[in-house]
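The following exercises concern a predicted model. Work through each task with the structure in view before reading its solution.

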Amino acid sequence: MPNLLNPIPAMIAAGIVVPALLLLYFLKLRRREFDVPSTLLWKKAIQDLQVNAPFQRLRRNLLLLMQLLLLLALLLAFARPVSRVARRAGKLTVVLIDRSASMSARDPDLKGRSRLDEAKRRAKDLVSGLSTDAAATVIAFDDSAETVQPFTADVGLLKRKIDAIEPTDRRTRLKLAYQLADAQTKFDPDQLRSNIKPEVHLFSDGRALDTDDLSLVGNLTFEPIGSNQTANLAVVGLSAKRNYERPTQVQVFARLANFGPEVKRTDVQMSVDGQVRSVAAATLLPDRWTEAERQASEQAGVFARDSVEFTLDLTQSAVIMVEQMNKDGDALAADDSALVVVPPPKTLSVLLVTDGNYFLERAVGSLSLKDPATVTPAKYEAGLGTTYDLILFDRYQPKALPQVGSFIYFGTVPPGLKLSAEQRDGKMLADVGVAGVLDWQRDHPILRGVSSLSKLYVSDPLRLIVPSDAEVLIDGTTGPLVVLYRDGTRTHLVVGFDLLPSTWPLIVSFPVFMYNSVQYLAVGSEMNVRQSFEPGATLRLPRTALERAGGADLKQLRLIGPAGTTVHPVPAIGEVALGPFDRVGTYKLDPPVPSYEQFAVNLLDANESNLLPQTSAPAGIGQTLIGTGGQSRLELWWWLIAVGGLPLLLIEWWVYTRRVHL
């Protein structure tokens with residue numbers, strides 16, 4: 001039994017246009033007065049006087065009947081009549097099932113099932129009606145497409161293949177799926193159904209990225225899945241970067257969006273390696289709102305805050321996660337969080353320039369550095385220091401420095417910089433006597449974990465000249481003792497006293513200071529934070545990275561991800577390709593490959609997080625079938641216009657022209 005989706009507006013329109021049409025037939029033409037030259041024309045004049053009255057009695061009129069029927073057809077079409085029809089597979093059926101990220105959403109009306117579960121249920125109902133002389137194929141797609149089952153008449157096999165379709169967190173693209181559907185229907189080795197146009201059934205929410213460039217040979221029936229009342233809060237943007245002035249400081253920016261029908265407030269939580277470090281609040285207006293609705297919300301005192309920012313200090317590798325915490329009614333989990341991987345500090349090549357310092361040599365040797373080197377000042381000046389990331393100068397001021405790198409000075413200062421020492425007769429001046437520590441920056445990464453410096457005493461510290469853009473880390477009773485200074489692409493850490501006539505090498509804070517300093521400078525040498533991959537991306541590991549990971553002994557790599565562990569053989573030559581990564585989350589390599597130890601995959605896609613289903617077939621191709629179960633809802637307005645309205649219009653035109661000619 002047909003139903004009407006739009007009855008009230010159609011009744012209002014009928015109440016306006018039907019009386020207006022009838023009124024036109026009640027009205028008479030208004031005649032002009034004129035003189036007649038003969039009484040033979042009195043009869044005609046009397047008839048004209050009769051029609052000068054404004055209204056007349058409505059007579060039977062075929063033209064009026066045609067116009068009323070045409071108007072009735074248009075009004076019924078405007079009321080959007082629908083009918084319940086049974087879904088049946090045709091002689092040649094192509095089943096397209098969307099398995100992208102949005103199809104993992106769990107709408108309230110699906111009672112705990114996902115959209116993909118609903119799509120598979122409907123697809124199985126469709127192939128259940130497959131006749132013995134028919135065949136069907138199943139294609140699963142996201143931003144790629146694959147034939148899950150070629151054409152077959154085996155209903156049981158089709159259902160098992162449909163059940164085996166797994167969800168992904170990838171984006172939605174239809175072009176490849178349509179091209180694969182066309183290719184499957186053209187491949188017919190028996191030539192039994194070569195003249196049959198295939199029936200293509202699309203089970204999806206319709207949120208594809210490439211709807212402007214679609215074409216399809218078969219007759220498409222689109223079954224939209226999902227509710228327009230489904231709520232979803234999503235992290236749609238994430239970036240992280242290091243602070244150039246403080247390399248260990250990481251700034252994290254995140255943007256969120258609300259794709260549901262109501263205003264939502266949520267806490268946004270930042271965690272580091274699973275430990276919560278900070279929480280911020282966000283107020284999200286519905287993305288579907290118009291500008292007028294947003295302005296009305298602001299007038300009511302509800303203002304949008306869809307971005308959050310966090311700042312933290314990191315000297316080690318870490319995984320930072322930003323997550324929205326309002327899960328009440330949230331339908332999609334894949335976009336609730338996003339991750340960024342902070343790489344471990346770079347392994348520095350270190351050079352110590354000294355004439356001999358037992359304590360400093362032991363400290364450098366205890367830092368687990370890769371092949372640290374020690375040279376005399378004379379050998380350094382011969383050109384041995386240009387290839388090192390970090391150079392330590394012990395009581396020796398070099399004549400020149402490399403243009404890039406990090407440097408630590410003990411009892412001396414860098415040459416030719418604003419950071420210097422007072423001089424007299426070409427010699428650096430010192431404050432004669434013993435100096436203690438007045439204060440230090442306890443929250444700076446270089447001094448973090450340094451329990452106390454109250455027992456540090458130094459002899460004859462240099463009189464340092466500290467520019468305003470330098471950072472004093474330790475302040476002594478006679479002036480600055482330890483200063484951090486940056487000069488373009490170079491970083492200088494100046495310890496303004498000689499270690500040997502001090503108590504520092506004998507207390508525990510000194511090795512902690514050395515370790516923190518090397519870590520800090522290693523972080524500063526690599527400012528990049530690894531950006532995430534999108535779902536469906538692949539990663540190619542270069543041969544140089546594989547050689548650093550294990551050389552010729554490396555035979556295989558284990559990729560540990562959200563979906564489990566996969567093993568990839570490592571060839572003797574060439575690269576190793578990993579992926580595609582179908583699920584969001586963090587991925588780790590075992591053994592670790594330098595620069596690729598772990599990485600993140602994030603959705604960060606507003607189109608995929610927008611769970612509002614399309615109400616018409618993508619690109620306007622085919623018809624839309626709305627419904628559930630064995631029967632679906634088929635809109636009939638097009639048939640009313642095509643089968644009823646157009647013939648009536650032609651008949652009305654014929655009646656009108658015949659009347660004019662008569």
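**Exercise 1.** Determine which exposed residues lie on the face of α8 turned away from its buried side, and establish how the buried residues are arranged and covered.

*Solution.*
- Step 1. Y358, R362 and G365 are the exposed residues carried by the face of α8 that is turned away from the buried side.
- Step 2. In this helix, which runs over residues 358–365, the buried residues are L360, A363 and V364.
- Step 3. These buried residues lie on the same side of α8, because the arc they cover around the axis is only 95°.
- Step 4. The cover over the buried residues of α8 includes three strands and a helix: β15 (350–353), β17 (390–394), β18 (405–410) and α10 (509–524).

**Exercise 2.** Identify the residue that caps the N-terminal end of α8 and give the supporting distance.

*Solution.* The cap is N357. One of its side-chain oxygens is 3.3 Å from the backbone nitrogen of F359.

**Exercise 3.** Check the span of α4 against expectation, then describe its buried residues.

*Solution.*
- Step 1. Helix α4 comprises the 14 residues 115–128; at 1.5 Å a residue, a span of 20 Å is expected.
- Step 2. The end C-alpha atoms of α4 are 20 Å apart, which agrees with the expected span.
- Step 3. Buried in α4 are R115, L116, E118, A119, K120, R122, A123, L126 and V127.
- Step 4. Among the elements covering them are β3 (92–98), α5 (155–163), β6 (199–204) and β7 (219–224).

**Exercise 4.** State what percentage of the 662 residues in the protein is buried.

*Solution.* Buried residues account for 47% of the 662.

Methods: Residues are numbered from 1 along each chain as its sequence is written. This is a predicted model: local features need pLDDT of at least 70, side-chain atom pairs count only at pLDDT 80 or more; totals for chains, interfaces and linings use all residues. Side-chain values use heavy atoms; hydrogens and water are left out. Helices (H or I, at least four residues) and strands (E, at least two) are DSSP runs, numbered from the N terminus. The expected span of a helix is 1.5 Å times one less than its number of residues. Buried means under 20% relative accessible area, exposed over 50%, partly exposed in between (1.4 Å probe, protein chains only). Contact means heavy atoms within 4.5 Å. The arc is that of the directions from the helix axis to the C-beta atoms. A polar contact is a pair of N or O atoms within 3.5 Å; within protein, one must be able to donate a hydrogen and the other to accept it, and residues adjacent in sequence count only if both atoms are side-chain atoms.
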